[in-house]
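Q: Please take a close look at one part of this structure, the sheet and what packs around it. Keep it plain enough for a first-year student.

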Amino acid sequence: MQNTIMSTLKSMDGTQAFRIDQVDRISSDVENSWTFRGENVTASIDATTGKISVVSIKYTSQKINPKVVDTAQKAMKTLSNGKASALFPEVSLLKNSDYHLDQVWSFMDRDRTHSVFIGAKTGKVVSAINHNDFRDSNYVADEDIPKVFAKPFYTKEKAIAAANPMVKKIFHMDLTGYNVSTKYNEYTFTKKGKPTVTASINKKGVFYDFTVTPENGMIN
């Protein structure tokens, strides 16, 4: 398992000499895994399948390609309507099979109110979250989501109209002509030959969480 972890880390960043200092075994009703930790590194392997589920490498923003940092700053400004604080100095390079993240940079602002993910291979924004729009009075616990959103909040046309402005600004995509499906508070926008956009709303119908997935299903 450690060899698998080290091989994956090297494939993500071949410039570092990684080292694992701690191994934890986690077994519960919701998780069955091995977690490996080292300096600036965390990685998990599914104990049942033996496959890697999550890998995270931490960096300071000064060590990241300035173009990637600039892309994150601009997306953060757009997402927050200019209200986001400066970028948090710590950045993570992530791989997460559960969320189909092949390799992405994870940025937050200093207030931890907004998140932006940049594809490590494409250099494009692949996900954006405004945490302010899903907290306090807008927060809905997971177990309450089926009840709160039992009835679709939007029709197809209204969902596109509500999500399109932010999708255009952040991802430079146009949802016009897309098909729309919904499950509770999550809306999925699909069009043949185009990336899929998944977006979630709060109880007021505000879209706060966006992810773009390529046709091959892997986000990078």
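A: Thr196 has Thr213 in β12 as its bridge partner. This is a predicted model. The two strands involved are β11 (residues 196–201) and β12, which pair in the antiparallel sense over six bridges. They form a hairpin with five residues between the strands. In that hairpin, Gly205 takes a positive phi near 90°.

Now stay with β12. This strand covers residues 207–213 and is mostly covered, with six of its seven residues buried. β12 also pairs with β8, again in the antiparallel sense, over three bridges. Here Asp209 in β12 stands opposite Ile129.

Strands of a sheet pair through backbone hydrogen bonds, either parallel or antiparallel. Step back to the whole sheet. It is open and has 12 strands, with antiparallel pairing. The order is β1-β2-β3-β4-β5-β6-β7-β8-β12-β11-β10-β9. The edge strands are β1 (22–27) and β9 (179–183), and each pairs on one side only. On average, neighbouring strands are turned by 20° against each other, direction ignored.

Look at the edge strand β9. Five bridges join β9 to β10 (residues 186–190), and the two run antiparallel. One bridge partner pair is Thr182 and Tyr187 of β10. β9 and β10 form a hairpin with two residues between them. Tyr184 lies in the turn and has a positive phi of about 60°.

Next comes another pair of strands. β5 (residues 90–96) and β6 (residues 101–108) run antiparallel and are joined by four bridges. Leu94 has Val104 in β6 as its bridge partner.

Helices lie against these strands. Helix α1 (residues 2–12) lies across β2 (32–38), β3 (41–46), β4 (52–60), β5 and β6. α1 runs at about 45° to β4. Helix α2 packs on the sheet too, touching β6, β7 (114–119) and β8 (125–130). The direction of α2 makes about 140° with that of β7.

α2 (residues 66–79) also meets helix α4 (residues 156–171). Their axes come within 9 Å and cross at roughly 160°. Angles over 145 degrees count as roughly antiparallel, so α2 and α4 are roughly antiparallel to each other. The crossing is right-handed. From α2, the contact is made by Ala75, Thr78 and Leu79. From α4, it is made by Met166, Lys169 and Ile170. By class, this contact has four nonpolar, one polar and one charged residues.

Technical notes: Residues are numbered from 1 along each chain as its sequence is written. This is a predicted model: local features need pLDDT of at least 70, side-chain atom pairs count only at pLDDT 80 or more; totals for chains, interfaces and linings use all residues. Side-chain values use heavy atoms; hydrogens and water are left out. Axes are lines fitted to C-alpha atoms, for helices over the stretch in contact, and angles run from 0 to 180 degrees between N-to-C directions. Angles under 35 degrees count as roughly parallel, over 145 as roughly antiparallel, 65 to 115 as roughly perpendicular and the rest as oblique. A crossing is left-handed if the near helix is turned anticlockwise from the far one by less than a right angle, and right-handed if clockwise. Contact means heavy atoms within 4.5 Å. Ala, Val, Leu, Ile, Met, Phe, Trp, Tyr, Cys and Pro count as nonpolar, Asp, Glu, Lys and Arg as charged, and the others, Gly among them, as polar. Two strands pair if DSSP finds at least two bridges between them. Buried means under 20% relative accessible area, exposed over 50%, partly exposed in between (1.4 Å probe, protein chains only).
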